[in-house]
Each structure stands twice: as C-alpha cells, then as structure tokens.
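Let's look at this structure together and ask how its labels are earned. Each answer sets a value beside the rule that goes with it.

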Amino acid sequence: MKIAVIGGTGLIGSKLVARLAEHGHEAVPAAPSTGVNTLTGEGLAEVLSGASVVVDVSNSPSFADDAVMEFFRTSTANLLKAEADAGVTHHVALSVVGTERLQESGYFRAKQAQEELIRSSGIPYSIVHATQFFEFMKGIADAATDGGTVRLAPVGIQPVHSDDVAAAVGRTAVGTPVNGVVEVAGPDAFQLDELIRQGLAAKGDPREVVTDVHARYFGAELREDTLLPGPDAHLAATRFADWLAQQR
C-alpha cells in the first residue's frame, strides 16, 4: 500500500520509511525538504494522492508555547482536510505517553490539541503513545539545566529506543485502525534523575544532577506515574544500558 509519512526525513520518519519499504510498501517521505508543507498545505494533495495511510511523525520547529500550539493545530487541520479529500482510510500519529497528564506544559497542551483534532475528524485513526526516546535524554537534561546543575524529580520513566518506536509505528500503520491509543515503552523503568545521571556520566558530561521533587519537566510538575506507560503497553526489547554502551 502507499503510505505517506509526514515528517518522513526526521529521526523516526526516516527509520519508518526504510522499514515500510523493506516490507514492500510504497512509503513516501513528506517534509518541507521534499516539497510538502503542512502549515501552508503546499504539496499535500500531491503526496496524498493514492495513499491509503498517512503517518504523522512531524514535530514543531519551535517549542515556544504559542508557536507549538499553532504548529500542531494548523498542520493537523490541514493534513486531516487533505486526507478527507484524498480518501485516506487510516491516520496514524505519534504522540507521547502521559500527554494528558502534562497539561501544565505548553508543548503537551499542543499535543493534546493535535490528538483531539484527530479524534473528531471522522477519519479512522490510531495514536501511538511512546515514552521518551533514549536519544532525547540529553534534551531532557538541557531543559532542566541551570548553570552547571540539572534539577530533576525522582519519578518513574521507562525510555525507549527510537528504532523500537519506528517499528511500533510501522506495525500500527499497516494494521487496522484502533480508533484509540497504543502505548510503547522500553523494557526497564528508572527514576528520571538517576537515568539522566547515568546518561551524563557515560558521556563524560560534568553537570551535576540534583534530585528535586518539585523540579519541572518542560514546565510541568510530575507525579510518580506521570511519565510511565499503562499495563497494556507494548514493551520493546532494547535496553538503555546496551544502547548507552554502543554510544561510547
């Protein structure tokens, strides 16, 4: 089948396009660099022509509250309209475990708005909620850094490898729409502060990780289970320690 991958040149998108092609599907990467712009609608009709499935793994270029909300609202609305016009029968979107519990954060408010647009569109859909990727640990540390100190809450997190996320999104894309959420997480749970402490130490990063129960995560205060998947999540195979060892 033809599957259009919005954000198909990014971290997850490029892996997903390759996986789908290996399984005999016509996977078409769509991004501004390929002439497709979901904010303006440019190129959408052409790339969706003949597509059975659209997978949206795109992300906002800015995480500022207003900009990220504008991105997800506008791009999702344009995409869903173009899908309806093209007769697309399955919309798949990648989102984040805990989105509905992180509404103090502008980024996660925007992701929630994206999900609500998808649910109300009338197009059969599947939303894949992934925990944070191994590759984003540095970004989490950077967002929590003040000077040479990283302040993080001692709450649960179950990070996942981007390869495993791409595999989960691919399986979902070629399956029957669930009209709901599918969760994917890594095999091991950590405390957030300890996970980042391990990751920085392995990279020789001199920043000190300080445990702070009130430390905010991209603007949101966390409970113990905010970032953790539910009991029915698909648990991927790749362990953080093995991935970290390969990065050295």
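Q: What is the order of the strands in the open sheet of three strands?
A: In this predicted model, the order is S6-S7-S11, and the pairing is mixed.

Q: What makes S6 and S11 stand at the edges?
A: Strand S6 (145-146) and strand S11 (208-211) each have a single partner strand, so one side of each is left without a neighbour in the sheet.

Q: How do you know that S6 and S7 pair?
A: Pairing takes at least two bridges between the strands. Two bridges join S6 to strand S7 (residues 149-152), and these strands run antiparallel. You can find Asp146 opposite Thr149 in S7.

Q: Which helix lies across S7 and S11?
A: That is helix H7 (residues 192-202), which runs at about 175 degrees to S11. Angles over 145 count as roughly antiparallel, so H7 and S11 fit that label.

Q: Why are H1 and H6 called oblique to each other?
A: The axes of helix H1 (residues 11-22) and helix H6 (residues 162-173) cross at roughly 55 degrees and come within 9 Å. Roughly parallel needs an angle under 35 degrees, and roughly perpendicular starts at 65. The angle fits neither, and H1 and H6 are therefore oblique. Their crossing is right-handed.

Q: Which residues make the contact between H1 and H6?
A: On H1 they include Leu11, Ile12 and Leu16, and on H6 they include Val165, Ala166 and Val169. By class, this contact has eight nonpolar, two polar and three charged residues.

Conventions. Residues numbered from 1 in each chain as written. Predicted model: local features only at pLDDT ≥ 70, side-chain atom pairs only at ≥ 80, totals over all residues. Heavy atoms only, no water. Helix = DSSP H or I, 4+ residues; strand = E, 2+ residues; numbered from the N terminus. Contact = heavy atoms within 4.5 Å. Axes fitted to C-alpha atoms, helices over the stretch in contact; angles between N-to-C directions. Parallel < 35°, antiparallel > 145°, perpendicular 65-115°, else oblique. Left-handed = near helix turned anticlockwise from the far one by under 90°. Nonpolar A, V, L, I, M, F, W, Y, C, P; charged D, E, K, R; others polar.
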